[in-house]
Amino acid sequence: AQVLYDAADPFSRKFIIDRGQTGGVVAGSPVIDGYGVLGQVTRVYASVSEVTLITDADQAIPVLNTRTGVRGVAFGDLSVVGGGLELRFMPADTDVQVSDLLATSGVDGVYPAGLAVARVDKIERRSESVFARISLSPLAQVRGTTHVTVLRPVTPEPRPEQLVPPQTVNKVKSK
């Protein structure tokens with residue numbers, strides 16, 4: 001798909017692509033470029049779709065440290081110019097080093113396991129906190145990318161014929 005334009009909201013990280021429902025795009029589809037994960041399709045229209053980047057403050061992506069196998073969750077960080085990520089809720093004594101590569105863990109049912117996500121930039125271990133502050137740089141080109149690949153969701157949306165109707169409870173009449 002081709003990136004048409006960035007969303008107008010300065011407090012979010014989103015862009016619009018030239019593929020929509022008629023092109024087979026569904027909400028929840030992972031979006032990647034040649035370097036790694038960019039984000040996820042969050043809205044689908046007939047001929048275009050909205051993609052929310054992993055650097056958006058409302059996005060979280062389960063990751064795996066490829067060196068150690070430790071899992072965590074990377075959150076978008078709008079305080080970083082150009083877009084960044086933060087690995088939150090990691091104990092201060094966790095084995096993580098600057099330049100560690102993080103990939104998708106696959107546990108969320110959205111992203112397939114093993115897609116490149118980010119590299120560790122900076123680690124702050126503070127004595128007053130049980131958690132380390134870990135800053136990440138996304139590997140994907142979150143600014144200025146022109147073409148992306150939209151993947152099928154790992155867990156597809158159920159088709160109407162797959163949905164189980166709610167069971168009706170037979171009421172017993174009391175006498």
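Me: How many cavities of 30 Å³ or more does the count come to?

Reply: The model is a predicted one, and its empty space can be examined by calculation. Rolling a probe the size of a water molecule over the atoms shows where empty space is left. With a lower limit of 30 Å³, the count of cavities comes to one.

Me: What is the volume of the largest cavity, and which elements give two or more residues to its lining?

Reply: The volume of the largest cavity is about 50 Å³. Its lining includes Val63, Asn65, Arg71, Gly72, Leu87 and Met90, and by class the lining has six nonpolar, four polar and two charged residues. The elements that give two or more residues to this lining are β6, β7 (71–77) and β8.

Me: Which residues lie nearest the centre of the largest pocket?

Reply: The largest pocket holds about 210 Å³ of space, and β1 (3–6) and β2 are the elements that give two or more residues to its lining. By class, that lining divides into seven nonpolar, five polar and five charged residues. Of the 17 residues that line the pocket, those nearest its centre are Asp6, Arg13, Lys14, Leu53 and Arg143.

Me: Which residues have the most contacts inside the largest nonpolar core?

Reply: The largest nonpolar core has 20 residues, and β6 (60–65), β8 (84–91), β10 (116–124) and β11 (131–138) each supply at least two of them. Apart from this core lies another, of twelve residues, with Val3, Ile17, Val31 and Val142 among them. Within the largest core, the residues with the most contacts are Val37, Ile61, Val117, Ile134 and Leu136.

Me: Which residues does Ile61 touch, not counting residues up to four places away in sequence?

Reply: Ile61 is one of the residues with the most contacts inside the largest nonpolar core, and Val37 and Val117, which are also named there, are among the residues that Ile61 touches. Leaving out residues up to four places away in sequence, the full set is Val37, Ile54, Gly72, Val73, Ala74, Thr104, Tyr111 and Val117.

Me: Is Ser29 buried or exposed?

Reply: Ser29 lies in the loop between β2 (14–17) and β3 (30–32), and it touches residues including Gly39, Gln40, Val41 and Pro153. Because its relative accessibility is 2%, and the limit for this class is under 20%, Ser29 counts as buried.

Me: Which backbone oxygen does the side chain of Ser29 reach, and at what distance?

Reply: Ser29 sits in a loop, and its side chain makes an approach to a backbone atom. The partner is the backbone oxygen of Val26, reached at 2.7 Å.

Definitions and conventions
Residues numbered from 1 in each chain as written. Predicted model: local features only at pLDDT ≥ 70, side-chain atom pairs only at ≥ 80, totals over all residues. Heavy atoms only, no water. Core = buried A, V, L, I, M, F, W, Y, C linked by side-chain atoms within 4.5 Å. Buried < 20%, exposed > 50% of the residue type's maximum accessible area, 1.4 Å probe, protein only. Helix = DSSP H or I, 4+ residues; strand = E, 2+ residues; numbered from the N terminus. Contact = heavy atoms within 4.5 Å. Polar contact = N/O pair within 3.5 Å; in protein donor to acceptor, adjacent residues only side chain to side chain. 1 Å grid on protein atoms, 1.4 Å probe; cavity = no way out; pocket = protein on both sides within 12 Å on 5 of 7 lines; lining within 4 Å. Points joined across faces, edges and corners; volume = space filled by probe spheres on them. Nonpolar A, V, L, I, M, F, W, Y, C, P; charged D, E, K, R; others polar.
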